[in-house]
Amino acid sequence: RRGAIAAQVATGVAIDIAVTALAMHALPDLASGIAMMLLFNVSAAALLLPLRGGLAAAGLAGLALALEYAWSALADVPQRPAAEVPMFVASYLAIATLTSLLGRQLRASEALAEQRGSQAANLAEINELIIRRMRTGVLLVDGDDEIRLANEAAMLQLGEAGEGRRLLATAAPALEARLRRWLHDGQHDPTPLQLSPDLPEVLPRFAR
C-alpha cells in the first residue's frame with residue numbers, strides 16, 4: 001500500500017541521515033565522501049515519495065550536515081571548508097526534486113499502462129463475445145493446425161468432434177484438406193462441404 005511504503009521510506013532515510021551524521025563526526029577525514037554517498041539515499045527516497053516528501057528528506061539531510069558541522073566546531077574537530085555544507089544542501093535539494101519528478105512520471109506511466117491494458121482486455125472480451133454470438137461459424141486455427149477458437153455456430157457444425165482443443169484434421173478432415181489446398185494455391189473452392197452425414201452443408205471461406 002502506498003501509505004505503508006511512504007512510512008517505511010521516511011523511516012529508512014531518517015535512519016540513513018542519522019548514521020551518516022555520526023559517521024561524518026567519527027571520521028572527519030572522510031566526511032565529504034560520506035556526505036556525497038548520502039545523495040543516493042536521498043534520491044532513492046525522493047523517487048518513492050511525493051515531491052514534498054522528497055524535499056523534506058533533502059532538507060533533513062542538509063540540517064543534519066549543518067548540525068554535525070556545528071558539533072565538530074564545538075568539539076574542536078578539524079574543520080572542513082564551510083562552503084561544503086550549503087553545497088551539499090543544494091545538491092540534496094536538486095537531486096530530490098529531479099528524482100521525485102521522475103518518480104511521478106513513472107507512476108503516471110504505470111497507471112496509464114494499466115488503464116490501456118484493462119481497456120484492451122475489455123475490447124478483447126467484447127470481440128470474443130461478438131464472434132461467439134455470430135450466426136456464421138468461425139474457427140481460428142493456428143500454424144500447427146490446432147483449433148484455438150470456435151464460436152457457437154461453428155461448434156454446432158462440428159458437433160462432438162469440435163469439443164475441447166484438438167487438431168482441425170481430427171475434428172473436420174474434409175475442412176482441413178480444403179484449407180491446405182487454399183494455403184497452397186490461394187483459391188477458394190465454391191462447392192459446399194458436408195462435415196458430417198447428419199449435419200447440413202457449409203460453404204467455407206478462409207482468411208489469414
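Q: What makes the pair R148 and D142 a salt bridge?
A: In this predicted model, the closest N and O atoms of R148 and D142 are 3.3 Å apart. The cut-off between a side-chain nitrogen of Lys or Arg and a carboxyl oxygen of Asp or Glu is 4 Å, so the pair R148 and D142 qualifies at 3.3 Å.

Q: Why is R148 called partly exposed, and how is D142 classed?
A: The partly exposed class lies between 20% and 50% relative accessible area. R148 has 48% and is therefore partly exposed. D142 has 21% and therefore also counts as partly exposed.

Q: How many salt bridges does a search of the whole structure find?
A: The search finds five salt bridges. Among them are R148 with D142 and R180 with D145.

Q: What makes the contact of R180 with D145 a salt bridge, and which parts of the chain does the pair link?
A: The closest N and O atoms of R180 and D145 are 3.3 Å apart, which is within the 4 Å limit, so the pair is a salt bridge. R180 belongs to helix α7 (residues 173-185), whereas D145 sits in the loop between β1 (139-141) and β2. With their positions 35 residues apart in sequence, the two link distant parts of the chain.

Q: Are R180 and D145 buried or partly exposed, and what decides this?
A: Buried means under 20% relative accessible area. D145 has 7% and is therefore buried. R180 has 36% and is therefore partly exposed.

Q: What makes the phi of D145 worth noting?
A: Most residues other than glycine have a negative phi. D145 is not glycine, yet its phi is positive, near 70 degrees. Another residue with a positive phi is D76, which follows helix α3 and has a value near 60 degrees.

Q: Which further residue meets R180 in a salt bridge, and how far apart in helix α7 are the two?
A: The side chain of E176 meets that of R180 at 2.8 Å, N to O. R180 and E176 are four residues apart in helix α7, so about one helical turn separates them. E176 is buried, because its relative accessible area is 14% against a limit of 20%.

Q: Why are D145, E176 and R180 described as one network?
A: Their salt bridges share partners, and this joins D145, E176 and R180 into one network. R180 is in a salt bridge with D145 and in another with E176.

Q: How do you know that N151 is assigned to the right accessibility class, and where does N151 lie?
A: The relative accessible area of N151 is 0%, so N151 is buried by the criterion of under 20%. N151 lies in the loop between β2 (147-150) and α5 (152-158).

Q: What does N151 contact beyond its neighbours within four places in sequence?
A: N151 is in contact with I131, R132, M134, T136, G137 and V138. The C-alpha atoms of N151 and M134 are separated by 7.5 Å, although these residues are 17 places apart along the chain. The side chain of N151 also reaches the backbone nitrogen of V138 at 2.9 Å. The limit for a polar contact is 3.5 Å, so 2.9 Å falls within it.

Q: How does the span of helix α3 compare with the expected value?
A: Helix α3 (residues 51-74) has 24 residues and reaches 35 Å from its first C-alpha to its last. This is close to the 34 Å expected at 1.5 Å a residue. The buried residues of α3 include G54, A57, A58, A61 and L65.

Q: What makes S72 of helix α3 buried, and which side chain does S72 meet?
A: S72 has a relative accessible area of 3%, under the 20% limit, and is therefore buried. Its side chain makes a polar contact with the side chain of H25 at 3.3 Å, a distance within the 3.5 Å cut-off.

Q: Why is T20 called buried, and which residues does T20 touch?
A: T20, in helix α1, has a relative accessible area of 11% and is therefore buried. T20 touches I34 and L38, not counting residues up to four places away in sequence.

Q: Which residues make the nonpolar surface patch, and what makes I5 eligible for it?
A: I5, L47, L48, L102 and L106 make a patch of about 390 Å². The elements giving two or more residues to this patch are α2 (31-48) and α4 (84-133). I5 is in helix α1 (residues 2-26). Patch residues need over 30% relative accessible area, and I5, at 37%, therefore passes that threshold and counts as partly exposed.

Conventions: Residues are numbered from 1 along each chain as its sequence is written. This is a predicted model: local features need pLDDT of at least 70, side-chain atom pairs count only at pLDDT 80 or more; totals for chains, interfaces and linings use all residues. Side-chain values use heavy atoms; hydrogens and water are left out. The expected span of a helix is 1.5 Å times one less than its number of residues. Buried means under 20% relative accessible area, exposed over 50%, partly exposed in between (1.4 Å probe, protein chains only). Patches are made of residues with over 30% relative accessible area and no salt bridge: like charges are joined within 9 Å, nonpolar side chains (Val, Leu, Ile, Met, Phe, Trp, Tyr) within 5 Å. Accessible areas come from the Shrake-Rupley method with a 1.4 Å probe; for residues, only the protein chains shown count as cover. Contact means heavy atoms within 4.5 Å. A polar contact is a pair of N or O atoms within 3.5 Å; within protein, one must be able to donate a hydrogen and the other to accept it, and residues adjacent in sequence count only if both atoms are side-chain atoms.
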